[in-house]
Amino acid sequence: MSAFAGAAGHRRPEAETLGAALARPGLAAPRAWQAPGVLLVHRQRISTPEDRQEAQPTAQPDWVLAFDGRLDNRADLARSLGMRAQGQPDSALILAALSRWGARAPRHLIGPFAIAAWNRQAGRLLLARDAMG
C-alpha cells in the first residue's frame with residue numbers, strides 16, 4: 001500500500017521531512033501539496049493498473065486528496081457518480097464523491113482505505129478510514 005502524511009496549523013514540518021519519514025521499499029518518491037496552514041505528502045505504491053495513473057496528492061478546485069487503500073465498490077460508486085470506473089484511479093472516484101457528497105463521501109466507500117482531504121473553500125481537513133481500519 002501507499003503511504004501519506006500531513007500536518008495542519010501554523011507550525012508544520014517541511015515536506016522533505018515528512019517524505020523521508022514515509023520512505024519504504026517499493027514506494028515512489030514523495031509528492032507534496034501545500035497551502036497556508038496545511039501540508040499533504042504522499043508516496044505511491046503501484047499495485048493495480050489504475051495506480052499507474054495516480055499522482056497524489058490530487059487537487060481539484062474544491063478538494064485536495066491523499067489516499068491509501070483500495071475501493072471494492074468501484075463500479076457501483078462510478079455509476080452513482082455518472083462516471084466510468086475503467087481506467088480511473090481510485091483517487092479520481094473519491095474526489096468526485098467528495099465533490100458530490102462532501103464530508104459524507106466516506107460513507108459511500110467500500111474497501112480498505114484511509115483518506116486525508118483538504119476542503120479548500122471551508123479551510124477544513126477531513127480524515128477518514130474504513131470501518132475495520
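This is a stop-by-stop tour of a predicted model.

**Stop 1: the open sheet**

Start with β1, β3 and β2. These three strands form an open sheet in the order β1-β3-β2, with antiparallel pairing. Select residues 3-8 for β1 and 31-35 for β2. Both are edge strands, and each pairs on one side only. From one strand to the next, the twist averages 10°.

Now add residues 38-43, which make up β3. Five bridges join β3 to β2, and the two strands run antiparallel. For one position in that pairing, pick glutamine 34: its bridge partner in β3 is leucine 39. Then turn to the pairing with β1. Six bridges link β1 and β3, again in the antiparallel sense. Here, glycine 6 has leucine 40 of β3 as its bridge partner.

Stay on β1 and show its side chains. In a regular strand the side chains alternate between the two faces of the sheet. Which residues of β1 are on the covered face? Select Ala3, Ala5 and Ala7 to see them. The uncovered face has Phe4, Gly6 and Ala8.

**Stop 2: a cis proline**

Move to proline 57, in the loop between β3 and β4 (58-59). Display the backbone here. The peptide bond from glutamine 56 to proline 57 is cis, with omega near -5°.

**Stop 3: the salt bridges**

How many salt bridges does the structure hold? Three. Side chains of opposite charge can pair when their charged atoms come close.

Select arginine 70 and aspartate 72. They form a salt bridge, with the closest N and O atoms 2.6 Å apart. Aspartate 72 is partly exposed, at a relative accessible area of 46%. Arginine 70 is partly exposed too, at 42%.

Next, select arginine 74 and aspartate 90. In this salt bridge the closest N and O atoms are 2.3 Å apart. Arginine 74 lies in helix α2 (residues 74-81) and aspartate 90 in helix α3 (residues 90-101), so the pair ties together parts that are 16 residues apart in sequence. Are these two side chains buried or exposed? Arginine 74 is buried, with a relative accessible area of 15%. Aspartate 90 also counts as buried, at 10%.

The remaining stop on this list is aspartate 76 with arginine 79. Their side chains meet in a salt bridge at 2.5 Å, N to O. The two residues are three apart in helix α2, so about one helical turn separates them. Aspartate 76 is partly exposed at 48% relative accessible area, while arginine 79 is exposed at 58%.

**Stop 4: the loop before α2**

Select asparagine 73. This residue lies in the loop between β5 (63-69) and α2. Asparagine 73 counts as buried, at 10% relative accessibility. Now find what touches it. Leaving aside neighbours within four places in sequence, asparagine 73 is in contact with His108, Leu109 and Ile110.

**Stop 5: alanine 78 in α2**

Step along to alanine 78, in helix α2. Its relative accessible area is 1%, so alanine 78 is buried. Beyond neighbours within four places in sequence, alanine 78 contacts Met83, Arg84, Ala85 and Leu93. Draw a distance to alanine 3 as well. The two C-alpha atoms are separated by 24 Å, and the residues are 75 apart along the chain.

**Stop 6: the nonpolar cores**

In soluble globular proteins, nonpolar side chains tend to be buried together. The largest nonpolar core here has 22 residues. Select Leu65, Leu77, Ile94, Leu98 and Ile115, which have the most contacts inside this core. Colour the elements that give two or more residues to it: β5, α2, α3, β6 (113-119) and β7 (124-129). Which element gives the largest share? Helix α3 does, with seven residues.

Zoom in on leucine 77. Outside its neighbours within four places in sequence, leucine 77 is in contact with Leu71, Leu93, Trp101, His108 and Leu109. Note two residues already met on this tour: His108 and Leu109 are also in contact with asparagine 73.

Finish at the second core, which is separate and has eight residues. Among them are Ala15, Leu18, Leu39 and Val41. Leucine 39 appeared at the opening stop, as the bridge partner of glutamine 34.

Notes
Residues are numbered from 1 along each chain as its sequence is written. This is a predicted model: local features need pLDDT of at least 70, side-chain atom pairs count only at pLDDT 80 or more; totals for chains, interfaces and linings use all residues. Side-chain values use heavy atoms; hydrogens and water are left out. A salt bridge is a side-chain nitrogen of Lys or Arg within 4 Å of a carboxyl oxygen of Asp or Glu. Buried means under 20% relative accessible area, exposed over 50%, partly exposed in between (1.4 Å probe, protein chains only). Helices (H or I, at least four residues) and strands (E, at least two) are DSSP runs, numbered from the N terminus. Two strands pair if DSSP finds at least two bridges between them. Axes are lines fitted to C-alpha atoms, for helices over the stretch in contact, and angles run from 0 to 180 degrees between N-to-C directions. Contact means heavy atoms within 4.5 Å. A nonpolar core is a set of buried Ala, Val, Leu, Ile, Met, Phe, Trp, Tyr and Cys residues joined through side-chain atoms within 4.5 Å.
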